[in-house]
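The following exercises concern burial and aromatic packing. Each task is followed by a solution in steps.

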Amino acid sequence: MHDEKILTTRIKRLLERQNSLLYQDKSQLEAKYALPGEDFRMVRIGEVWGQPWQTAHFRVSGTVPESLAGKDYGLYFDCDGEACVMEDGTPIQGLTPKVDWYHKAAKHYVPLDAKVRPGAAFQLDIAASANDLFGGGKAEFRLRECALVSFDEELFQRLMDIGLLLDLAEALPPGSVRRQRILHGLNRVCSLWQSDAEQVKEILAELLSHPAHSSALTAFSVGHAHLDLAWLWPLRESRRKGGRTFANALRLLEQYPDYIFGASQAQLYQWIKEDYPALYAQVQERVREARWEIQGASWVEFDTNLISAESVIRQFMYGKRFFRQEFGAEPLLLWLPDCFGFSGNLPQLMQGCGVPWFMTQKLSWNESNVFPHHLFNWEGIDGSRVLAHQLPTNDYNFSNDPSAFLQTEQRYAQSGVCDSFLNLYGIGDGGGGPTRNHIEYGLRMRDLEGVSKFKFATGAEFFEHVASLDRDLLPTAYGELYLEFHRGTYTTQALMKQDNRCSEKLLGTAEYLAALAGQAYPEALRRIWQDTLLLQFHDIIPGSSITAVYADAQAISAANHTLLRDYIAATATALIESGRPCKEPAYLVLNPSNQELTTWHAFPQELRGLVPLNGHAAELAFLETDNALLAKLAVPAWGNLLVRFTKDGGLPPSHLLPASLILENLYLKVEITPAGGIRSIWDKELQREVLASESNLLLLWEDEPNNWGAWDINHFYRETEPQRASSATLNQDLSFTLEGGFSRVVHDIRIGSSTLRQTIELRCDERLLRVSHEIDWLERHRMLRTHWFTAVHGGVSTYGIQGGVIKRSSKPKNAFEAAQFEVPAQRFADLSQPDYGCALICDVKFGYRVVDSQMELNLLRSPADVDPSADIHAHAYSYAFYPHPSDYEHSDVFDAAERLAHDLVIVPVNILPRELSEPLFRLDSDHVNLDTVKPAESGSGIILRFHEYKGQSGTARLHCARNYASCRETNMLEEPLDTNPISIEEYFPLCLEFRPFEIKTVRLEDLP
């Protein structure tokens, strides 16, 4: 009989029958459980013990029968949820329920034969969580099994042999010799199974003894448990998942001498250290033995599109410092298997932080086009290069099935020049890590004909191996690595993104004030940075987690914002060391940014009737509204201003004119429609119309992606009919024109089920048209976008990213460009022709679309997917439209976006200083920005971080208000570079040379 279908079915039936016989001699055990704060009670098989997200402790007790002497035996436990055997509060072994669609996920068996002798009694403590690998999963959780069983190790080994060989045979080409011989041998095994166990063993051993082909690729394979620090479970459950996962890994390391495990994310290790110190000590020992790999150099596996350059640097700084202090490890690899696209400036940030290698597999998820490379040079926007690996396994939860290895070899684009690839195997996302099955398969494939050569190794070993390749043989990918998927994550969970930007800016302000005050780095800020870095995890800040995650994130952010504001106020107040007491209301105003900031600040209504004066007793422009006194404040970069309020002013408040739908200043004349749109923007200076048709159109689009609602936007939403506002009313009470100041038009708008208050402002000395929204958002499966139709003809648009810009086509010419119908950007998108351009600017929204002459910003979406309440609440945000002469490179778009992004620090004071200090720094450059001023992380000195933002070389001149003893260039981790000190001469500026898009860090040391 030679019919393969009949043979393979026979073999599969043997596997099914014998798998059911692995566990024998079952005897039920007594089980009790207790919910938190309650006493233990008996629980029977099939009985409900918990609701989703509850936790409980089980006590399982019994006596090992004498009849089990000489056998392997242990506990078989299934509580429907995740669980962990504990010993004196330390995780011993994790247990996982079955997930039908997740290969080899279940873990139910706990060996006891090495701990409890036959005839002896035992009691086990099991911590259980009413959730499975991927969230709540069900409405109630029952005890499914709790029994003492024997385990047939010999049968398990034979089933591993058969399962692997059958999978290999089915994956080999039909008619191939190896396939035919494996199936012939396995058929003989079926025939001899009941009669000759020794011959069965010999046949299987012979089939597994054939060595791999010399051309077979080597799979550098590391046991892995990609653990999302939050996703379909809250942060508190991630900590328990970490304990279960690490315990499993340690038990397997004890059982298999060749096995190597690895885990990333310093935050996860920090949790283990805090929650399970004895477990943590075991991990440290395995790291010292080189059996456990510290994977990745960052605090968490962070999203790379939504966070600032400074945040990326701190991810590396905090991650590398933790691993160095705790493990003596210096990770060189950016480990991001599951992030949603990769910023074009990431290579420079990696190189600046001593991270030369990059790994992901996410680009295999592309929706439209196949990413063409697996091993390649990745060049960032500044020319920095790193060695990058897109796993050809297309998986970070690899099963180690031979068939999957064969598919990997077939798709590996660089197999012609490289003999190896990296393989991450085990159960991930929800944690757990490899099972015995994964490792047993690996042992059999170390040198096996027909499949890749399995090598137990670390990720670092793989990169060390391929680093010796001639890099000229590898292809090069330039700029961003755009993921053609998950485009909705640029917008989902708007408050999370807004909170992150608030944290980043408050931390930057606090560090600047600490430097201004001459403080060492404040320890209080380190914990807040750690919280901020945690919330930048790739399933938190993108908006793809459940409701509970965002409740936790908002609470963490709010508490930290309060701490930061208190610190900022206290530090700013302490800067005034002496002066005369002030009986009148007075405020110290500081500018923690590299741009002069001019704003109309709303002071409390109690100050109405008073006149604001600056430190030279000159009156400031001001006006009074029903609930505030608005004063015009102008503060130079890194400078300060003293404002006091007096009754002795000589000028009345500025005069308000009636509201008008025509806004006009020196540069622009803007016509607003009765519905709140922009009918016309006339550039008075250049005598041209900016718009092609009515703009600032607010449209509600259908938002029903095929899959992954919180993550995705599909292109076909453009084929639906958007909904416009149903009504708009001019709010006369809030609209006005301030002669010589600014004009404000406020509309109350109804769109869909939501109400929106829109404020449009044009200030006297700006080309910036500011738009603010306060909206009660009540939509589901809709997204709100603002649309601008420009009279600009340009084929390429410019987008802000961390530490630079990236160019993308605005007239798609191929499938790759067409797939970029929604793109991420930070601060702005600019569409220009050589003589003119327009920028759409926003600090807290990240999803843009620029096609032809149309510019769009995605303002809100509510996919009602993993979080049914996502974004269904009040929102407040601002954006701006900025018409400008010339193209991006010859404009001040970057400066305009920076001014819109930063806020003045305004704190009340009781002392009027004799004089205020000059601005700490002044930078002369039209293409370099001073981004960060902070105390050095260790020792004395001030750290300054700059970046070039137009893509050109040149010199920037830094003027310092203080004298410094020395200036040294450092890497981004503040470690000195092997370069000569930069000379500092009193009264002369510090000259710094920049390459295009270069990020430069210098350390100034104070005089003794």
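**Exercise 1: the surroundings of a helix**

In this predicted model, the buried residues of α11 are covered by elements that include β12 (145–151), α2 (153–171), α5 (235–255), α10 (402–411), β20 (420–425) and β21 (453–456). Determine how many residues of α11 are buried, and which they are.

Solution. Step one: helix α11 spans residues 436–444, and seven of its nine residues are buried, so that the helix is mostly covered, where buried means under 20% relative accessible area. Step two: the buried residues are Arg436, His438, Ile439, Glu440, Tyr441, Gly442 and Arg444.

**Exercise 2: classifying two ring pairs**

Assign a geometry to the pair Phe151 and Phe156, and to the pair Tyr412 and Phe421.

Solution. Step one: the centres of Phe151 and Phe156 are 5.7 Å apart, with 50° between the planes. Planes under 30 degrees apart count as stacked and over 60 as edge-to-face, so the pair of Phe151 and Phe156 is tilted. Phe151 has a relative accessible area of 9% and is therefore buried; Phe156, at 6%, also counts as buried.

Step two: Tyr412 and Phe421 lie 6.1 Å apart, centre to centre, with 75° between the planes, which makes the pair edge-to-face. Both Tyr412 and Phe421 are buried.

**Exercise 3: charges over rings**

Which ring lies beneath the charged end of Arg718, and which beneath that of Lys845?

Solution. Step one: the charged end of Arg718 sits over the ring of Trp701, 4.7 Å from its centre. Step two: for Lys845, the ring is that of Tyr877, with the charged end 4.4 Å from the ring centre.

Note on methods. Residues are numbered from 1 along each chain as its sequence is written. This is a predicted model: local features need pLDDT of at least 70, side-chain atom pairs count only at pLDDT 80 or more; totals for chains, interfaces and linings use all residues. Side-chain values use heavy atoms; hydrogens and water are left out. Buried means under 20% relative accessible area, exposed over 50%, partly exposed in between (1.4 Å probe, protein chains only). Helices (H or I, at least four residues) and strands (E, at least two) are DSSP runs, numbered from the N terminus. Contact means heavy atoms within 4.5 Å. Rings of Phe, Tyr and Trp (its six-membered ring) pair if their centres lie within 6.5 Å; planes under 30 degrees apart count as stacked, over 60 as edge-to-face and the rest as tilted. A charge sits over a ring if NZ of Lys or CZ of Arg is within 6 Å of the ring centre and within 35 degrees of the ring normal.
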